[in-house]
Amino acid sequence: MSSERKLYITKNWVISLFIYYSILFFVGGVGAFEVLLNRMHDLSILEAAILGSTSISLCASAIAYIRKLYKLCFSYSSEQENADQLSLKQLGTLFYFFTRPFFGLLFSLLIVIGFNAGMILSTRNIELDSGFVYVTMFFSFYAGFLSGDFIKKLEEKGKTQIQKVMG
């Protein structure tokens with residue numbers, strides 16, 4: 001018995017959701033970059049942490065739901081005419097290829113944050129130099145190139161970490 005997935009919204013709603021999530025992704029990305037580049041000098045550490053954390057979370061959520069939406073478009077089935085089904089599959093394919101580079105962008109940002117956090121935790125006194133830039137660029141290449149695998153690993157590791165934290 002095969003489990004058939006169905007979309008219960010129209011093509012126009014699917015387009016609206018893609019636009020909505022793309023805007024959220026962009027707004028979150030701008031917020032995260034602004035905090036990381038320290039362009040908001042008048043923010044306290046707590047305010048910067050709140051803005052940076054909510055911004056990166058907004059990006060991650062947008063990635064997750066853009067991915068779910070284009071996957072649904074690929075496997076779209078309905079009682080409607082075949083032209084509508086084909087149109088949604090084309091839309092899903094377009095967004096799949098359109099958004100993957102932006103997913104890689106966020107993943108590279110995550111790598112920079114992770115390396116920086118690791119260095120701060122291991123040594124209280126850190127001075128970043130060109131080595132930090134090279135290492136983060138090296139790993140960011142792989143995050144962009146393998147963004148699909150990166151998403152899957154994030155899902156696996158994230159579920160494991162949440163289970164550990166929640167007991």
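# Notebook: helices, rings and one odd loop residue

**Entry 1. The loop residue.** I began at Asn38, which sits in the loop between H1 and H2. The model I am reading is predicted. Asn38 comes just after H1. I looked up its phi and found a value near 55°, positive although the residue is not glycine. I noted the general rule beside it: most residues other than glycine have a negative phi. Next I asked whether Asn38 is buried, exposed or partly exposed. Its relative accessibility is 49%, so Asn38 counts as partly exposed.

**Entry 2. The whole protein.** I stepped back to see the overall plan. I counted 5 helices and 0 strands. Along the sequence the pattern reads α-α-α-α-α. The protein has 167 residues, and 28% of them are buried. I then looked at contacts with a separation of 6 or more. Of these, 74% join residues 24 or more positions apart.

**Entry 3. Helix H1.** H1 runs over residues 11-36. Does its length fit its residue count, and what span should I expect at 1.5 Å a residue? For 26 residues the expected span is 38 Å. The end C-alpha atoms lie 37 Å apart, which agrees. I listed the buried residues of H1: Val14, Phe18, Tyr21, Phe25, Gly28, Gly29, Gly31, Ala32 and Glu34. What do they pack against? Their partners are helix H2 (45-74) and helix H3 (82-122).

**Entry 4. Helix H2.** I repeated the length check on H2. This helix has 30 residues. From first C-alpha to last, H2 reaches 43 Å, close to the 44 Å expected at 1.5 Å a residue. Its buried residues include Ala48, Gly52, Ser55, Cys59 and Ala62. Further along H2, Ile63, Ile66, Arg67, Leu69, Tyr70 and Cys73 are buried too. The buried residues of H2 pack against H1, H3 and H5.

**Entry 5. H1 beside H3.** I wrote down how such a case is described: two packed helices are described by the angle between their axes and the distance between the axes. The axes of H1 and H3 come within 11 Å. They cross at roughly 10°. An angle under 35 degrees counts as roughly parallel, and H1 and H3 are therefore roughly parallel to each other. Which residues meet here? From H1, I noted Val14, Ile15, Phe18, Phe25 and Phe33 among them. From H3, the list includes Leu88, Leu91, Phe95, Phe102 and Leu109. The residues of this contact divide into 16 nonpolar, 2 polar and 2 charged.

**Entry 6. A closer look at Leu109.** Leu109 lies in helix H3. Its relative accessible area is 6%, so Leu109 is buried. What does Leu109 touch, leaving out residues up to four places away in sequence? I found Ala32, Phe33, Leu36 and Ile56. Phe33 is 76 residues away along the chain. Even so, the C-alpha atoms of Leu109 and Phe33 are separated by 8.3 Å.

**Entry 7. Aromatic pairs.** I turned to the rings. The structure holds 9 aromatic pairs. One of them is Phe95 with Phe98, an edge-to-face pair. The ring centres are 5.9 Å apart, with 65° between the planes. Why are Phe95 and Phe98 separated by about one helical turn? They are 3 residues apart in helix H3. I compared how much of each is accessible. Phe95 has 12% relative accessibility, so Phe95 counts as buried. Phe98 is partly exposed, with a relative accessible area of 49%.

The second pair I checked is Phe107 with Phe150. Their ring centres are 4.6 Å apart and the planes stand at 35°, so the pair is tilted. This pair links distant parts of the chain. Phe107 is in helix H3 and Phe150 in helix H5 (residues 147-166), 43 residues apart. Phe107 is buried, at 3% relative accessible area. Phe150, at 22%, is partly exposed.

**Entry 8. The cluster.** Last, I looked for rings that group together. Phe18, Phe25, Phe95, Phe98 and Phe102 form one aromatic cluster. Some of these names were already in my notes. Phe18 and Phe25 are buried residues of H1. Phe95 and Phe102 are among the H3 residues that meet H1.

Methods:
Residues are numbered from 1 along each chain as its sequence is written. This is a predicted model: local features need pLDDT of at least 70, side-chain atom pairs count only at pLDDT 80 or more; totals for chains, interfaces and linings use all residues. Side-chain values use heavy atoms; hydrogens and water are left out. Helices (H or I, at least four residues) and strands (E, at least two) are DSSP runs, numbered from the N terminus. The expected span of a helix is 1.5 Å times one less than its number of residues. Buried means under 20% relative accessible area, exposed over 50%, partly exposed in between (1.4 Å probe, protein chains only). Contact means heavy atoms within 4.5 Å. Rings of Phe, Tyr and Trp (its six-membered ring) pair if their centres lie within 6.5 Å; planes under 30 degrees apart count as stacked, over 60 as edge-to-face and the rest as tilted. Axes are lines fitted to C-alpha atoms, for helices over the stretch in contact, and angles run from 0 to 180 degrees between N-to-C directions. Angles under 35 degrees count as roughly parallel, over 145 as roughly antiparallel, 65 to 115 as roughly perpendicular and the rest as oblique. Ala, Val, Leu, Ile, Met, Phe, Trp, Tyr, Cys and Pro count as nonpolar, Asp, Glu, Lys and Arg as charged, and the others, Gly among them, as polar.
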